[in-house]
Amino acid sequence: MGDLMQPLSFGHLMSWALEELRLDGSVFGVRESQFWHPEPGRLITDSFGDRLASPVGPAAGPQTQLAGNILVAYLAGARFMELKTVQQIDGEELRRAVAKPCIQAQDEGYNCEWSTELTVPQAYDEYVKAYFAIAVLGRELGLGTVDEVGFNISVGYDLEGLKGDKVNSYIDDMVDASATPVFQACRAWVEGHLAQLTHFTREDLDTLSPRVSRSVTLSTMHGCPADEIERIAMHLLTQKHLNTFVKCNPTMLGYQFARDSLDRLGYDYLCFDDHHFTEDLQYTEAIEMFARLSAVAREHGLSFGIKLTNTFPVQVRRRELPSEEMYMSGRPLLALSLSLALKLSRDFDGGMPISFSGGVDAFNLRQILATGIQPVTVATTILKPGGVTRLRQLASLAEEVMTDYQGIDVDRLAALVEDVLGDERYHKRYREKILSRKTDSPLPLTDCYKAPCQDGGCPIHQRIPEYLKLTAAGDLTGAFDAIALDNTAPTILGVLCSEPCRDHCTRLDIDQAIDMRGVKLAAADGAQDAFIEATAPPALLTDAKAAVIGAGPAGIAAAMFLRRNGMDVEVFERLEGPYGIVEYIIPGFRITREQIERDYQLAVHLGVRFHFGCDPGYRVEELKKTFAHVVIATGSWGRCPSPVREGDDNILDAIDFLWQANNHEGGATVGQRVAVIGAGDVAMDCVRTAARSQGVQEAILVYRRTEPYMPATQHEVNLVRSEGLTMEELLAPVSYDGATLRCEQMRLSEEDASGRRSVVGLGTYLDLPFDTVIGATGATVETGAYARNGLAQDARGLAEVDSVFQSSIEHVYVIGDGRLGPSTIVRAVADAKTAVRAILHHEHLRVDYDVRPAKVERDQHEVHARRGLLIAAINGKAEGDRCLTCDVICEVCTEVCPNRANVAITVPGFADPRQIVHLDGLCNECGNCGTFCPHAGLPYKDKITIFWSRETFDDSTNIGFLPLCDGAYLTRMPDGSVREHRTTQEDLPEGMSQVLAALEKDYSSMLAAPLGAQS
Ligand SMILES: Cc1cc2nc3c(=O)[nH]c(=O)nc-3n(C[C@H](O)[C@H](O)[C@H](O)COP(=O)(O)OP(=O)(O)OC[C@H]3O[C@@H](n4cnc5c(N)ncnc54)[C@H](O)[C@@H]3O)c2cc1C
Ligand code: SF4
Ligand code: SF4
Ligand code: SF4
């Protein structure tokens, strides 16, 4: 049962924490440099009436289940702990009802879990252990005292369950823990270890209050009837005498409001009907009830308030989680939760206290607190890389604005709602169109760190962390040298690269992917001219020569790589100048001719020989008489498939239009009204060019789906949007007679199995007048030359090539768009690298770009200090300093695990400074580490695993160790076989033995099974 968590005893927890602190300067992976030190004596009274050192902490959820999690949240800055909800159903029964994995926090968060997976008594023990651990370590580490921390009970979901023995005594014991066994056990352990503690004294122990909690949040399940909610709240106020907050569902906003808000923010793919909206607590009955409960609270000298909000229920449509319904959190919830806060605050004239969670992060926390809303808790943001250490930044930001609770500033809140609804950061498109940052490499058992931007993202494997670091340090020459090793068009790619690296950047899941392209351009601007000046043709190392057909990015790259490594190369181009599509088709407002020329000079100075204006009817047979190798790189210039059923002859092809616009005196002549059909990057260029063409009054993009489904990069779509151009969505062009474009109106249908919503025609048509309609639905490869030269072709007419792009004719290669169809510049350069490598190997020449650099040297403390910090993109060289050098330190799986079940340990003799070990007994298989690991694999299944019981060992297939009582181990080997051994008796595979030795020597707490779990 890999999802069964096995809590540590208090003594085990403390010994582990203190041992790790001494050895590695961290506690459950949170480093001392990541601890938050509050301003001494600075306390506020929150809306619950608690005196707190900060109004910030983890929301009731995965991060507040085990004592260790709550402790690390404290160390990182949390001072208000919303403890994971307890209810009548618990433990095994609850676990059976929760499908795993149960968390998906790629962008907006989803989960299909609810209350604690421990039993209620176990949960209770965890919270008391956390209370004691915070009391002791807070003092020891100078972080404050435990009475400055709020332990907020969260209970659900029905009165009968709440009054039952289990939950009833849970609540009572949280209010007074003095008589409970766990309290006494913790106390006894501390008492027995006072001599080893430096700052925590006997007096601290004697005066430690047995009152763990002073407040409760009632977690209401969707569908919970209003009168039941009121009865429970009344019970908590009048019978339990607790400051009570009732958690509200965003469904109180009404279906239409929620649907409109989410659609406006680009989440139109979220599926939900109105049943929760009609079954949940209704707004009007809610405000009447809250008024009544407030009055009762006042009578009893207690606080009453509302917690906004619960997560938002949506249907599982894209296989996000293995359930039918899931609960949404994160970015899109912010607008909903704040809207509800505003509505309620208006109705209560700012007098209703609000505790808040829903999409809070470092970019909005201060504004939320400034409205008077507090405390504020987070879940989704700390499930992402940086994890719980993100609390440190949150606590520091809160410190700047926190005050005693004084009510809600309604006007300020109204302004904040407006800001959020209009802020790009909360729009779906802000994160670009990337579903997952993972790459397709298998996850290695050891030495797994990688920079996914470079290794899996960038097709030419540029040394990204290296040039980012050098540029930020001001060494533009060094940065440019690192770039030029893999990249033959640094300026062009610095301006136009489609940036597949960004899709994998770790920062994408933190704040915003690094602007590698901009940094590259900065390096090129600063150092490329000097680099060119210093470049001279290298010696020729072979008599074999190569011919390249086509001087586009692919052809020039092939020529440069070959010439650089000692082969004579001649390039034959039909046009009068270099760089093909980039020079002749891509609009001049995107890249200047000077920038293209700068890259061309790199090739010229290397000694590549160019022939322009050549006969396009090249003959491979003829060329092979002079050249040992022929590289065909002729691009993809054929007409796009017809975008209309009738009137194709009246459509102007995108390439023809852009050719005219770029190369004809006065640009293209297209009349006053122009439509562009398509939604890829070329379509975006066309509509922007059309809008700039002489005489054009209106240029419109026509697309049969909606913006989120456009194949263009989000950056290009944003540019079209920022220029105020119209995008007509859900219109499928049918015919064009030279004056009227007839379009069928469409609607989005249900998602298919891949989660993509297709479109269906409505059978109604719109006739739109246009002087010109441009077809931009994808150029084709002109394949006649392949046939003419006898190259084997596939069904589409494309040349058949092997894995190094050699065609059916030996030593004749086909690369770039001419091989792939319309693609990108960086993929054209990547093709060139592959083909050239084969040619150089054949000629026994060295391949200079295959020399991999050592990992980038960075101060690890400095990198760790930056983890967990959300930093907005920086314009300029300093952008490089946002890089986390993921090839030097990854550890993302340790950060994102809410249970700290993945740990990094120091093991000598490896490339990575720390190795990852998985602790089965702390893992509940939530799946979060699998989402964020940059490899294809899943850390909780693929890393060396320590088991704490025979039962869990047998139920798993993970490679790893079960320590047995007599000092031996039961080991599952990489081939799946299981054997018993002593460390010294049997050779384990390389890696496993070193990891085990390190665990035995320095991390014995991780090998020791918790009480009750021993094999
Ligand atoms: C409008 C538009 C915008 C684009 N924007 C971007 C972008 O922002 N970022 C990006 O990465 N990619 C972009 N692309 C794609 C990118 O331009 C291509 O992927 C890239 O140019 C392909 O390089 P290539 O060398 O394979 O082909 P090409 O650039 O097409 O070069 C082929 C060369 O071969 C020559 N040639 C063809 N036939 C013969 C012959 N028979 N004999 C001699 N010479 C011949 C051509 O004249 C041309 O110079 C865009 C494409 C278009 C159309
Ligand atoms: S943070 Fe740096 S090393 Fe990590 S993926 Fe992004 S650019 Fe690459
Ligand atoms: S190790 Fe992974 S799957 Fe297990 S609890 Fe942690 S994040 Fe979830
Ligand atoms: S997330 Fe963990 S397992 Fe994956 S590469 Fe990073 S350190 Fe390794």
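**Salt bridges, ligand shell and helix H9**

Arginine 837 is partly exposed, with a relative accessible area of 26%. The model that holds this residue is predicted. Arginine 837 pairs with aspartate 850 in a salt bridge, and their closest N and O atoms are 2.8 Å apart. Aspartate 850 sits in the loop between helix H31 (825-842) and helix H32 (860-866), while arginine 837 belongs to helix H31, so the bridge ties together parts that are 13 residues apart in sequence. Aspartate 850 is likewise partly exposed, because its relative accessible area is 33% and the partly exposed class runs from 20% to 50%. Elsewhere, salt bridges with shared partners join Asp107, Glu108, Arg331 and Lys428 into one network.

The salt bridge count for the model comes to 60. Among these is the pair formed by glutamate 113 and lysine 84, with closest N and O atoms 2.4 Å apart. This pair links distant parts of the chain, 29 residues apart. Glutamate 113 lies in the loop between strand S8 (109-111) and helix H4 (120-140). Lysine 84 lies in the loop between strand S6 (80-82) and helix H3 (91-97). Glutamate 113 is buried, at a relative accessible area of 7%. Lysine 84 is buried too, and its relative accessible area is 0%. Both values fall under the 20% limit for burial.

A further salt bridge connects arginine 598 with aspartate 525, the closest N and O atoms being 2.7 Å apart. Here the pair links two helices. Arginine 598 is in helix H24 (residues 593-606) and aspartate 525 in helix H21 (residues 516-533), 73 residues apart. Arginine 598 counts as buried, at 14% relative accessibility. Aspartate 525, at 46%, counts as partly exposed.

Ligand 1 is surrounded by 33 residues. The closest are Leu496, Glu573, Arg590, Trp637 and Asp817. By class, the shell divides into 19 nonpolar, nine polar and five charged residues. Several N and O atoms of the protein lie within 3.5 Å of the ligand. The side chain of arginine 590 places an N or O atom 2.5 Å from an oxygen atom of ligand 1. Isoleucine 581 contributes a backbone N or O atom, 3.1 Å from an oxygen atom of the ligand. Proline 616 also acts through its backbone, with an N or O atom 2.9 Å from a nitrogen atom of ligand 1. Taken alone, the ligand exposes 990 Å², and the protein buries 95% of that area. Five elements give two or more residues each to the shell: helix H22 (553-564), helix H23 (580-584), helix H26 (654-663), helix H27 (681-692) and H31. H31 is also the helix that carries arginine 837.

Helix H9 spans residues 226-239, 14 residues in total. The distance from its first C-alpha to its last is 19 Å, close to the 20 Å expected at 1.5 Å a residue. Of its 14 residues, 10 are buried, so H9 is largely enclosed by the rest of the structure. The buried set runs from Ala226 through Glu228, Ile229, Glu230, Ile232, Ala233, His235, Leu236 and Leu237 to Thr238. Two glutamates and a histidine are thus included, namely Glu228, Glu230 and His235. In an α-helix, residues three or four places apart point the same way, because there are 3.6 residues a turn. Just after H9, histidine 241 takes a positive phi of about 55°.

Conventions. Residues are numbered from 1 along each chain as its sequence is written. Chains are lettered from A and ligands numbered from 1 in the order in which they are written. This is a predicted model: local features need pLDDT of at least 70, side-chain atom pairs count only at pLDDT 80 or more; totals for chains, interfaces and linings use all residues. Side-chain values use heavy atoms; hydrogens and water are left out. A salt bridge is a side-chain nitrogen of Lys or Arg within 4 Å of a carboxyl oxygen of Asp or Glu. Helices (H or I, at least four residues) and strands (E, at least two) are DSSP runs, numbered from the N terminus. Buried means under 20% relative accessible area, exposed over 50%, partly exposed in between (1.4 Å probe, protein chains only). A residue is near a molecule or strand if one of its heavy atoms lies within 4 Å of it. A polar contact is a pair of N or O atoms within 3.5 Å; within protein, one must be able to donate a hydrogen and the other to accept it, and residues adjacent in sequence count only if both atoms are side-chain atoms. Accessible areas come from the Shrake-Rupley method with a 1.4 Å probe; for residues, only the protein chains shown count as cover. Ala, Val, Leu, Ile, Met, Phe, Trp, Tyr, Cys and Pro count as nonpolar, Asp, Glu, Lys and Arg as charged, and the others, Gly among them, as polar. The expected span of a helix is 1.5 Å times one less than its number of residues.
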